[in-house]
Amino acid sequence: MENILALAADNLGSPIILSFALGLAAAFARSDLTVPEAVAKGLSIYLLFAIGFKGGAAVAAHGLDTTLVLALLSGGVLSFAIPFIAFGLLRVMTNLSTLDAAAVAGHYGSISIVTFVAATSVLNSQGIASEGYMVAVAAVMEAPAILAALFLVSRTAGGGDRMDSELWREILLNGSIVLLVGAFAIGWITGEEGLASISSFIVAPFQGVLCLFLLDMGLVAGRGLRQARGVMTAPVFAFGVVMPLVGGTLGLAAGLLLGLSTGGVVLFTTLAASASYIAVPAAMRVALPEANPSIYLTLSLGVTFPFNLTLGIPIYVAVASVLT
Amino acid sequence: MENILALAADNLGSPIILSFALGLAAAFARSDLTVPEAVAKGLSIYLLFAIGFKGGAAVAAHGLDTTLVLALLSGGVLSFAIPFIAFGLLRVMTNLSTLDAAAVAGHYGSISIVTFVAATSVLNSQGIASEGYMVAVAAVMEAPAILAALFLVSRTAGGGDRMDSELWREILLNGSIVLLVGAFAIGWITGEEGLASISSFIVAPFQGVLCLFLLDMGLVAGRGLRQARGVMTAPVFAFGVVMPLVGGTLGLAAGLLLGLSTGGVVLFTTLAASASYIAVPAAMRVALPEANPSIYLTLSLGVTFPFNLTLGIPIYVAVASVLT
Amino acid sequence: MENILALAADNLGSPIILSFALGLAAAFARSDLTVPEAVAKGLSIYLLFAIGFKGGAAVAAHGLDTTLVLALLSGGVLSFAIPFIAFGLLRVMTNLSTLDAAAVAGHYGSISIVTFVAATSVLNSQGIASEGYMVAVAAVMEAPAILAALFLVSRTAGGGDRMDSELWREILLNGSIVLLVGAFAIGWITGEEGLASISSFIVAPFQGVLCLFLLDMGLVAGRGLRQARGVMTAPVFAFGVVMPLVGGTLGLAAGLLLGLSTGGVVLFTTLAASASYIAVPAAMRVALPEANPSIYLTLSLGVTFPFNLTLGIPIYVAVASVLT
Amino acid sequence: METHKAKRVAIIIEAPMERRLTDALTGAGVTGFSILPVLGGSGRSGLWSREGQVGRAGGMIQVVCIIRPDRLDTLLDAAFKVVERHIGVVTVSDCEVLRAERF
Amino acid sequence: METHKAKRVAIIIEAPMERRLTDALTGAGVTGFSILPVLGGSGRSGLWSREGQVGRAGGMIQVVCIIRPDRLDTLLDAAFKVVERHIGVVTVSDCEVLRAERF
Amino acid sequence: METHKAKRVAIIIEAPMERRLTDALTGAGVTGFSILPVLGGSGRSGLWSREGQVGRAGGMIQVVCIIRPDRLDTLLDAAFKVVERHIGVVTVSDCEVLRAERF
Ligand SMILES: Nc1ncnc2c1ncn2[C@@H]1O[C@H](COP(=O)(O)O)[C@@H](O)[C@H]1O
Ligand SMILES: Nc1ncnc2c1ncn2[C@@H]1O[C@H](COP(=O)(O)O)[C@@H](O)[C@H]1O
Ligand SMILES: Nc1ncnc2c1ncn2[C@@H]1O[C@H](COP(=O)(O)O)[C@@H](O)[C@H]1O
Ligand code: NA
Ligand code: NA
Ligand code: NA
């Protein structure tokens, strides 16, 4: 417990979290501070490229774990299974419509890559190692949740033609997945030599870039929260804090069963606990346009993301440290 | 005197100033070289974040001066007082209308953060230390001048309803101030440890980023000068060179009275000598739309900014070195 | 021959080339991965500034070669001469109209600065030195080819009024040339001291930035190739591979005659072998709007650029190493 | 200067639907369209702004299509199928064009 | 396809006035609007271009508002109060909309 | 609110031609225009998108010009000279303006 508090305090006082808090505060105060869309997208391209590349280079350096395939499989299964649990919880805890509940549920099966990045940066600062291929697990977990959400809708709300092959292609080949997996492959192929040649670009300034990116995330999350005051009832809000703990527990269990390293377990927990706010919302606007975007965007970006960033990750680190 | 010349020569031959000159030259030659707006804004977010953070970290490292509060107060007073002097000078030197004169005057009470950044970078290269909290003084000096300008107008040109609470909020919470002060706070809280974790982002590449930013400033200033040939009469032009020396003298006096370090006096002088071209123009477009933006933008960005950058700062450094 | 293969293999496995391949693959798979236009332009401003500055600093460090003027002259002559050869080849090999052939020919006389940058980065990794002023040669080679193309048209397709003084100004003062030459001058003036002050911005992260830029180039080239399937007949395609070898041979000869260093010969060869896809297309849209942009853009960006990047440069390095 | 009557159809729609809409337009025989950015807006589903977005999901774009008047109905039918369940605005106005042979 | 008469009001105004204008529109009962970027332009106050700006002060944006014809006057009155002392252009044109229930 | 009849001319043209067009318009006595970005589009010369460009050559922009009806012909003649050999679209529509003294 002390451990958790110390870690949480440490985490809360890091430039990364404080930058996020600054963004939140600026948005609540209705400052006109904004990060241009193109710059935000540039930063996220940088982060995806760097995190993918470093994961691949780590795999090249430490060799392939025999559990890699099992980890990928478990990731896919978790991503598909979690929405069903989330959907059940939402129907019990809140009075969201079936459609809205299914859309929200889909977000929680999928993952937030920035939460993943923040977790790796906490691991780094604590000197805890992790499996490089967790990046690939993250990529695998992006999409199955969307399928689960559409399945939930077709079962309960009728209409099974919401998914076409075009949408499949869009989901599986969305920019983030392609960049993450591609950079992972490049890192793997070029290995330590490749990493050395570009490390003053993707390693040294990484933490600083993450600060600016989280400043922007804070701005976006804060504006979302301010505008969504109407739809965010207390039970819905509560779901955004409870669900990451539920999902995280499943991820923790999976990580332990797979025999991952402490860092690997933390990352698996974090992935399962995090909720998507890029890939899934876009898919939902195409396939479930009737679902209210304010609800799912605010929940995943305005509630669960900050929760994981501030309290969740330290908890996951502390628990995993005890259990591995 | 020799000292000044040597410093000025050194300064004029630095990559930063030459980048600015390149931008100016490209604009005069009507090259289509442009820095996209989003990139320019991204660079300025970087500069504000870095300068604020480093200021805060310096305060954390060297402790709080007892003069901090007095410096903040003097900054506020100077920012409010300078427009009255500028207004008087303008009425004597030029034949600008009351409205235009008041609008211009407001710009000179406020500050240019890039001029401030350029001064810190000259101080660094000369190994002259300064108080970290001067960043906070800069933030305090942004807004009072706007109030002074509106007061000048309401007194002389009638109509006191130009300022509403909404505009106040916009001015005090404008993005630059929030980011600068917020980064300052983050730097202060996280201290040297925080700085170490992101210094390869905000310290190492700083000078280089400043070059690109000044390249863009040169382009913008040059285009402004080219388009404003009509309105820029000789006396108006002269004001743009005389006023920074007048304002700078006041800043110098204040810095000396406060007993700041040599670097601190230089920065105070620079702040008082510089003129705003971001916060104040935006406020003026809302509150004094009848004032001609070509005049105040060209004066502050096209005349005073280059003057301070090339000759002003070396003068301020030389004078402060002699007097402290 | 072994040498070439080893170099080619090395080159093909570098993060830079793999990033380009990732972009190509993403575009072929119709992923929605894109680099925002503003970010791409920001990256190219960075690359031009860095490469120009480093070239100038190298000249300051190693002194001026007596062959500088001859190299500049030869560059200009080659740039003007190559389009005539390209035009002849096109008339023989393909059935493009006179207009399209002239437009394409113009691109091959001019140069691709990113190919040049990629070649310098291969030279660096092989520890091969080159003349810093080759950057200036690159700048000189941008424009004469456009004149040659318009001459070819006016001779064969009538209408000599396609070129006005305004277009001349636009071509000679286009952003890339101004930035490249300007940064070269700044690097020259500020020398090693200037380079030291910003090297953690323009040297250390250079390779990494180049990766992201080539990722974007891959995306653009891939999308172009996909859309241009119709116009790209086999002979046209073949021209895109044969022409760089022809042009490169001329560049090689010139470099050898001038007595350049091995690296200098490689760069001269690369410049002559590369085709423009920024300056010349823009000029062609103004002066030869009837020529089909899909043909020349796809050829230079979709065929010749990847060819040089992957196979061309290693070949040029190997041949130049043998012959110098 | 001789001008010809035409219709200008402007459709504001969510960015993820862009390709579906333009495919439908092309399918309905439309020979050209332009896509314009939208920075932000407000409607029944609340305020939004492009700078407050992490992903593409929340943004909107505008598709503008100049067509011969007799093609209007085919176009609107095709567009409506895509827009139907989605938020967005479809407007039609009269205009004149130069170089009518292009449409 | 059934369409309904509507008015399209387009207001080009300086960026710092954006919120004041949209607040005024909302106050006048407008149910929706879209904000479009403007890259540059020229008028009585000279040429300007978005890429030649350090701050937001110099840029302009375009607010487009589709409304029912009977609401036009209320809207114009509200808009005029904001635009009055400022530079900028207000145009109104006729158009037709699908899904009139949305306006 | 009193409005006045005007014409709205919108010209979509390649970005490298922007200055030539606006110079021609200014030469024809036009007192103001605005330049709007175009993100992408499709026409006889195929699909294009701003994000898939390395240089400026491939992109297009839209020049919008509000003028008094009696100036239309002069403007169209001037614009046509620039647009003639180039790809692009020219449309004219009726509109009403506030503050007619500005045009
Ligand atoms: N009356 C309108 N005029 C202009 N744009 C509108 C209007 N109504 C809606 N929009 C645009 O369409 C988007 C979605 O509208 P809605 O479906 O009403 O939420 C808004 O965010 C606006 O960008
Ligand atoms: N006649 C016009 N047509 C289109 N846009 C205009 C027109 N006049 C002015 N504008 C736009 O409004 C801005 C301010 O105009 P002005 O108030 O005349 O300086 C210009 O920079 C243009 O972007
Ligand atoms: N019918 C149309 N409606 C709207 N925009 C068009 C139309 N036709 C062409 N365009 C625009 O003009 C560009 C060039 O058209 P084109 O000359 O037909 O290739 C296209 O890429 C579109 O952006
Ligand atoms: Na999850
Ligand atoms: Na000042
Ligand atoms: Na060439």
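Visitor: Which strands of chain D and chain E each supply at least two residues of the shell around ligand 1?

Guide: A word on conventions comes before the reply. This is a predicted model, in which local features need pLDDT of at least 70 and side-chain atom pairs count only at pLDDT 80 or more, while totals for chains, interfaces and linings use all residues. Residues are numbered from 1 along each chain as its sequence is written, chains are lettered from A and ligands numbered from 1 in the order in which they are written, and side-chain values use heavy atoms, with hydrogens and water left out.

Guide: Helices (H or I, at least four residues) and strands (E, at least two) are DSSP runs, numbered from the N terminus. Here chain D contributes strand 3 (40–43) and strand 6 (88–97), and chain E contributes strand 2 (33–37) and strand 5 (60–67).

Visitor: How many residues surround ligand 1, and which are the closest?

Guide: A residue is near a molecule if one of its heavy atoms lies within 4 Å of it; the same rule serves for a strand. Ligand 1 lies between chains D and E and is surrounded by 18 residues, the closest being D:Arg44, D:Ser45, D:Trp48, E:Ser34 and E:Ile66. For classes, Ala, Val, Leu, Ile, Met, Phe, Trp, Tyr, Cys and Pro count as nonpolar, Asp, Glu, Lys and Arg as charged, and the others, Gly among them, as polar. The shell around ligand 1 then holds 9 nonpolar, 7 polar and 2 charged residues.

Visitor: What polar contacts does ligand 1 have with the backbone of D:Arg44 and of E:Gly32?

Guide: A polar contact is a pair of N or O atoms within 3.5 Å; within protein, one must be able to donate a hydrogen and the other to accept it, and residues adjacent in sequence count only if both atoms are side-chain atoms. A backbone N or O atom of D:Arg44 is 2.7 Å from an oxygen atom of ligand 1, and a polar backbone atom of D:Ser42 is 3.4 Å from an oxygen atom of the ligand. On the other chain, a backbone N or O atom of E:Gly32 lies 3.3 Å from a nitrogen atom of ligand 1. On its own, ligand 1 has 470 Å² of accessible area, of which the protein covers 97%; such areas come from the Shrake-Rupley method with a 1.4 Å probe, and for residues only the protein chains shown count as cover.

Visitor: Where does ligand 3 lie?

Guide: Ligand 3 lies between chains D and F. Its surroundings number 18 residues, with D:Ser34, D:Ile66, F:Arg44, F:Ser45 and F:Trp48 the closest. A side-chain N or O atom of D:Ser34 is 2.8 Å from an oxygen atom of ligand 3, while a backbone N or O atom of F:Arg44 is 2.7 Å from an oxygen atom of the ligand. Strand 2 and strand 5 of chain D, together with strand 3 (40–43) and strand 6 (88–97) of chain F, give two or more residues each to this shell.

Visitor: Which residues coordinate the sodium ion (ligand 4)?

Guide: Donors are N, O and S atoms within 2.8 Å of the metal (3.2 Å for Na, K and Ca); water is not among the atoms, so sites may look incomplete. For ligand 4 the protein donors are A:Tyr108 (O), A:Ser110 (O), A:Leu271 (O), A:Ala272 (O) and A:Ser274 (O), at 2.4 to 2.8 Å. Their spacing along the chain is Y-x1-S-x160-L-A-x1-S. A:Tyr108 belongs to helix 5 (residues 98–109) of chain A and A:Ser274 to the loop between helix 13 (262–273) and helix 14 (279–287), so the pair ties together parts 166 residues apart in sequence.

Visitor: Is A:Tyr108 buried or exposed?

Guide: Buried means under 20% relative accessible area, exposed over 50%, and partly exposed in between (1.4 Å probe, protein chains only). A:Tyr108 is buried, at 2% relative accessibility, and A:Ser274 is buried at 0%.

Visitor: What is the pattern of chain D along the sequence?

Guide: Chain D has 2 helices and 6 strands, in the order β-α-β-β-β-β-α-β. Buried residues make up 59% of its 103 residues. In helix 1 (residues 18–27) of chain D, the buried residues are D:Arg20, D:Leu21, D:Thr22, D:Ala24 and D:Leu25. After helix 1 of chain D comes D:Gly29, with a positive phi near 85°.
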